[in-house]
Amino acid sequence: MRAYTVLLLALTIAPPGHPAAGATRLVSRKVVVPSANVSEAPEGKSDANWVVQSIVDGRWSAAPFYPSQAWMARRIGEPGFDIWCRLDLGAPRLIHRLRVQNSQLGSFVHPKDLAVEFSDGSRAMVTMARANDIQEFDFPPRQTATVTIHLLSHYGDGYSIDSNSGGFSEVELFEIVEEPATEARGKPFAVGRLGHVTTWLVLASRPVPWPAGRAPVDGEVLLDGARAATWGINAAPVSDPSFQAGALLYAAIENSGGKSSFMDVRGAKRRRPAGGGRLRLQTGLNHLLLEADGGPVTARCVGPDGKQAAGLRVLLCHERGQEWERQALAAACQPRLPQRIVKPGGPLDCALDARGVGYPVPPGGLRSRWQVLPGERPVVTAGLTGRVRAPAREGRYRLQCGLEGAGLAWTLPFVVHRHGPLPAGFTDLDGDGRPEVLRATWHGKDCIWISDDQRMSSKDVMGRFHGSYCVLVDVDGDGAHDGPDDFVYQAVDLDRDGSPDYEIYNASQVEKLVFSFQPNKPFEQDGHFKLSFLDWEHFGYADEQQYTGWANYRMGVHGNGCFHNTRRFWGDTRLAWENPIAWYDFNDDGWSDMVVRCADFTPPQGRLQEFETAFDIDRDSGPGRECSYNLQLTRTAYRQGALPYQQCRDVFRPLAGLAAANYLFIEDPDWRANQVKVWIPYRDAYRLGTDCDTWEACWLLFDEDFEDKRWEEMFDVHESWEPFADHLGDRWEVDADYSGRGQLYVGRFDGRLHLYGAERGDWSVDYHGLFHGSIDRRATAEGPLPPPGLPHDLVKYQDTDGNGFFDRIETCVATAPDWESPGKLPVTEILVRSVSLLDYATPADPHPDVCSLISTKSQDPLTGWKVSDWKGEPVRVRCDVYDRLTSLFAEVAERSWQEALALYGAADAAGLTRSRDLPDMPAGVGPDLSIEQRRSLKDVTVGRGYSTLLHPVHLRERYRNAYWLKEKVMADVLAARPERAPELRRLYCTGDLRGLVAAIAAGG
């Protein structure tokens, strides 16, 4: 949320009157509170953990280690804990408005009920929506010197309340002040012309009773409850037929109506951002540049259903003299320099393109100023064009152009080089008779191809280059081919087999350095290395999640490889926020067995926030089932970060490319010169990440329905990556203080792998794997989200005695929430069964919850291997933890299946398997339902039947079926022998299956 002064437009349709002498008006103004005037609940008193960095201009700034979270608090709503933060205003002020934004981190619990306390002890109660949007609350004006905000309750199930609790991204207070009245400038709800300025007004949702003879002016407020901020939506389209074809209109859309709000524009096309007329609005202020088609232009603010949306304010071509006019002019005027490479002393013809600006830019009334930097004298010309001379010496220079009197200036870099502008066709740069550069038009864009290994031939066709090469595409048409919005790609072929071994590119501000350590690296049909799956038609960053079949990524992230993922606008591209994402193929079959994701802050700071590992624990990946991750462990350190890695430097010298072509890089001349990358080493990443003991928390995710197809689905719905998650079917557990150090254990009560140190966990059962991750809904053959209110089974886990092992297991029937609108549909849980393992303690077994621990730390020696040492040969990797975990899983699955068969055999021999042939799901529910049938389901709770479980084929089926077979047979046994239920249940829950089988066989 950014703090913007509310601007409400008054439009003249008649000559305005003048206010009476000495008249005043009341306006709303933001209160500036310095960070020194902030106090908070003491740590020792309330165990609060406010992460507050500073307050700038009345707005809470983001803490450096929480880029999107300025406040974080623990113990929200717990008895005996008062979580608060007090702002000292310095003097009594008339406060009337609070604006807050919930934390943007989805894994955090969101505050719900707030108490805003004033210095006289009175309070205003506020209830927030769960959404991340800016939320504004008004209350009767209060004269107060302090404002204390108490957090009373939160949304969510509280699983992460101890470590990842909730807070706000930003907070603002507004006061009412009196100032001299200014001239009223019109009547409300009118559209008109003010001089040469065309202004548009968004109509209010309800009439505002302004005093007679007065019009709303610049954020004016009235104490009777009517205020300018009630202007929010347009009751009808606003249009103006007077725009000529090509007229440029600058718009600012202030959105507090949610992330599903749109600006629907008719009669104009978008210039910036590019696209059609329908624009999805970001929360806060959106900037928009439109080009009129020549007829009426209309604009509507709409929601996802196409109806008018609340919380939106559209301001087009604001009043003259305002900052908005400067922004509009800056957005509309674009400097043009047709040639960015010139010969020494050659002419530079330049122009400011200001055609059709929505308010007056009379060419004869403006003077433009042009100056070559450094050292040249400026040239001032009438109008918007100019000509200057390039310096006589080769080098890199800047051309500064501006409008005198407007306070606007632009700077364009250019190069003086003996070759001058690069001609179309092939060019021999070094005079050896062989071309190294090709310039041509491709898909409508001006492109330059550089053969870095000088293997270019005049027979080469556009798009079919092999070996080491670089591609520069002038996407935005500004004459430079390597600007922030351009497409820059470089491929490096280390072993000169014609197939690149790694590549680096910038597309849509995404910069990636991508490696494939596999032999026989394939090409796409257009001749490009397929690893990154780039959009070579529109020159952008394609959707890396796209896949075919089960999970055959279009992006080539199978086998062995990794990428270093950063953003151009972060500055230091040696670091990355995904640093790296690495995938490993331990058996050399071409498919990945493990993925590691090392995530730094945004922007990166050289310390990891997240270290995520996912395993194909049942070893079933292969053709037709290309990615099949089942177990993920995520270590986090969101406050201070963990595992500093600034010393891990790799130097990729082949990125330098052909030195003779470096002058073609104009906007970013260091792009190829910066060959240093700082990242977690590929081969040693797992060992380094798990050896680190400064993590703050650890999460486990297990795909219990074995239908998570890809890496992206190995996230949980409690995390900020919730849209990717499998919304039913996964088991999630959290160790909120990292007390368990990422160790695992096999639960005696269920034969499953659990996270040691986890305080809580849950498993939302998807018995037939009917519902997949939400991203999968893009594919027509994939399952949808669970329908809101859908009943399903839920198993909840809790460690009540704090020894690191789950001891309370509850089985519930829960209803699925409305995932598209979190918090709008209450989730109900009906307890079916509760088991406390501590109740089964005996002198011989005093701790029935305690199990043997399994380390997830690696004993593999550190290799010290760097990618810079790599020569292009296939890289073979190993990880002892993967071998241990897959062997353990096979052993656990087989043992559990044999136990299930023994239990079933004993119960069947005793005549107790009465439910075997009953349905295992409600009527009409099965694994082969269509998407529409799945959307219409009313109940997916697990039935009592188990005949379908008796013949598993795969290892994963033996693991799955063993659990359900034991559960359902045990239910039959307990129903038939209620008098022996306590003893039988004790044997079952403590894992004494041999004793349980003997008791059943003996008639127990």
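This short talk goes through confidence, one helix pair, the aromatic residues and some backbone details of the structure above.

Let me begin with the caution that this is a predicted model, and that the mean pLDDT of the protein chain is 77, with 70% of its residues reaching 70 or more. Two stretches call for particular mention, since pLDDT stays under 50 over residues 1–22 and again over residues 315–325. For residues 1–22 the model has 66 contacts beyond four places in sequence, while for residues 315–325 the corresponding figure is 40.

Turning to the helices, I would like to look at α4, which spans residues 880–909, and α8, which spans residues 993–1001. Packed helices are described in general by the angle between their axes and the distance between those axes. Here the angle is about 10° and the axes of α4 and α8 are 9 Å apart, and because angles under 35 degrees count as roughly parallel, α4 is roughly parallel to α8. Which residues make the contact? From α4 they are E899, A902, L903, A906 and A907, and from α8 they are L993, L996, V997 and I1000. By character, the residues of this contact between α4 and α8 divide into eight nonpolar and one charged, with no polar residue among them.

Next, the aromatic residues: the structure holds 40 aromatic pairs. One aromatic cluster is formed by Y502, F515, F517, Y584, F586, F652, W679, Y682, W865, W870 and Y882. W865, a member of that cluster, also has R683 lying over its face, at 4.9 Å from the ring centre. Elsewhere in the list of such arrangements, the charged end of R960 sits over the ring of Y767, and the distance to the centre of that ring is 4.5 Å.

Finally, the backbone, where the general background is that most residues other than glycine have a negative phi and most peptide bonds are trans. Where, then, are cis peptide bonds found in this model? One joins L373 and P374, with omega about 0°, and P374 lies in the loop between β23 (367–373) and β24 (379–382). Another joins N579 and P580, again with omega about 0°, although P580 has its place in a strand, namely β38, residues 578–584. As for phi, R496 has a positive value of about 55° although R496 is not a glycine, and this residue lies in the loop between β32 (487–492) and β33 (502–507).

Key: Residues are numbered from 1 along each chain as its sequence is written. This is a predicted model: local features need pLDDT of at least 70, side-chain atom pairs count only at pLDDT 80 or more; totals for chains, interfaces and linings use all residues. Side-chain values use heavy atoms; hydrogens and water are left out. Axes are lines fitted to C-alpha atoms, for helices over the stretch in contact, and angles run from 0 to 180 degrees between N-to-C directions. Helices (H or I, at least four residues) and strands (E, at least two) are DSSP runs, numbered from the N terminus. Angles under 35 degrees count as roughly parallel, over 145 as roughly antiparallel, 65 to 115 as roughly perpendicular and the rest as oblique. Contact means heavy atoms within 4.5 Å. Ala, Val, Leu, Ile, Met, Phe, Trp, Tyr, Cys and Pro count as nonpolar, Asp, Glu, Lys and Arg as charged, and the others, Gly among them, as polar. Rings of Phe, Tyr and Trp (its six-membered ring) pair if their centres lie within 6.5 Å; planes under 30 degrees apart count as stacked, over 60 as edge-to-face and the rest as tilted. A charge sits over a ring if NZ of Lys or CZ of Arg is within 6 Å of the ring centre and within 35 degrees of the ring normal. pLDDT is the predictor's confidence in each residue, from 0 to 100.
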